Amino acid sequence: MNVIHPAVHPVEAPPATGAANDAMPRGRMKDIQGMPGTTGGLVLRFSQFAFALLALCVMATTGDFPSVTAFCYLVAAVSLQSLWSLTLAILDVYAILVKRRFRNPRVVSLFAIGDWITSTLTFAAACASAGITVLIGNDMNDCAVNHCTRFETATAMAFMSWFAVSPSFILNFWSLASK
């Protein structure tokens with residue numbers, strides 16, 4: 001006697017109808033070099049750290065920087081910038097090694113807010129220090145007594161650090177806004 005066994009064949013699910021079909025699927029944003037967790041982001045973080053550390057070292061080797069408030073502010077701002085950039089560079093190295101990207105909106109918003117705060121502080125300190133170096137060098141003609149070239153070098157390095165942190169902030173903010 002022949003017994004017929006029914007066969008089970010995979011069947012595709014019917015297409016969704018109604019409101020579920022009207023919603024557009026959200027795609028992920030492409031990784032742009034310079035965003036957190038990319039090699040471009042690591043290069044930006046390293047350059048931020050290097051320029052801030054150079055500004056800090058040049059200003060710290062000048063013995064009379066504590067006598068001017070703007071220079072003390074520059075030292076504090078680039079110290080914060082170097083710590084922030086080093087921390088995020090370490091996170092970028094970790095993300096690259098495990099081949100993951102930072103896509104969590106809370107983490108990206110933390111990066112954007114941190115970049116915004118540190119870039120604002122660094123820019124303000126560099127502008128204040130530039131004003132003091134112009135005052136000392138051009139208006140008072142006291143470069144023979146003071147370390148004008150060191151002050152100018154530290155100020156230039158602070159501006160370079162700010163130039164390097166600006167793309168990081170813009171890309172983090174853009175990544176956050178596109179979610």
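This is a short tour of selections to make in the open structure, which is a predicted model.

Begin by selecting residues 39–60, which make up helix H2. Its 22 residues should span 32 Å at 1.5 Å a residue, and because the end C-alpha atoms are 31 Å apart, the model agrees with that expectation. Within H2, colour the buried residues, among them Gly40, Gly41, Leu44, Arg45, Phe49 and Met59. Then bring up helix H3 (69–97), helix H4 (105–139) and helix H5 (148–177), since these are the helices against which the buried residues of H2 pack.

Next, move to helix H3 and select Tyr94, which counts as exposed because its relative accessibility is 54%, over the 50% cut-off. Add Val93, Leu97 and Val98 to the selection, and you will have, together with Tyr94, a nonpolar patch on the surface with about 400 Å² of accessible area.

For a contrasting site, go to Thr133 in helix H4, which at 9% relative accessibility counts as buried. If residues up to four places away in sequence are left aside, Thr133 touches Phe71, Asn138, Phe151, Glu152 and Thr155.

Finally, overlay the record: an unreviewed UniProt entry lists residues 42–61, 73–98, 110–136 and 156–177 under "transmembrane region". Select residues 73–98, where the span is 96% helix and 0% strand and the end C-alpha atoms lie 38 Å apart, and then residues 156–177, where the chain is 100% helix and 0% strand, with its end C-alpha atoms 32 Å apart.

Methods:
Residues are numbered from 1 along each chain as its sequence is written. This is a predicted model: local features need pLDDT of at least 70, side-chain atom pairs count only at pLDDT 80 or more; totals for chains, interfaces and linings use all residues. Side-chain values use heavy atoms; hydrogens and water are left out. Helices (H or I, at least four residues) and strands (E, at least two) are DSSP runs, numbered from the N terminus. The expected span of a helix is 1.5 Å times one less than its number of residues. Buried means under 20% relative accessible area, exposed over 50%, partly exposed in between (1.4 Å probe, protein chains only). Contact means heavy atoms within 4.5 Å. Patches are made of residues with over 30% relative accessible area and no salt bridge: like charges are joined within 9 Å, nonpolar side chains (Val, Leu, Ile, Met, Phe, Trp, Tyr) within 5 Å. Accessible areas come from the Shrake-Rupley method with a 1.4 Å probe; for residues, only the protein chains shown count as cover. A salt bridge is a side-chain nitrogen of Lys or Arg within 4 Å of a carboxyl oxygen of Asp or Glu. UniProt positions are given in the numbering used here, feature names are shortened, and annotations may be inferred rather than shown by experiment.
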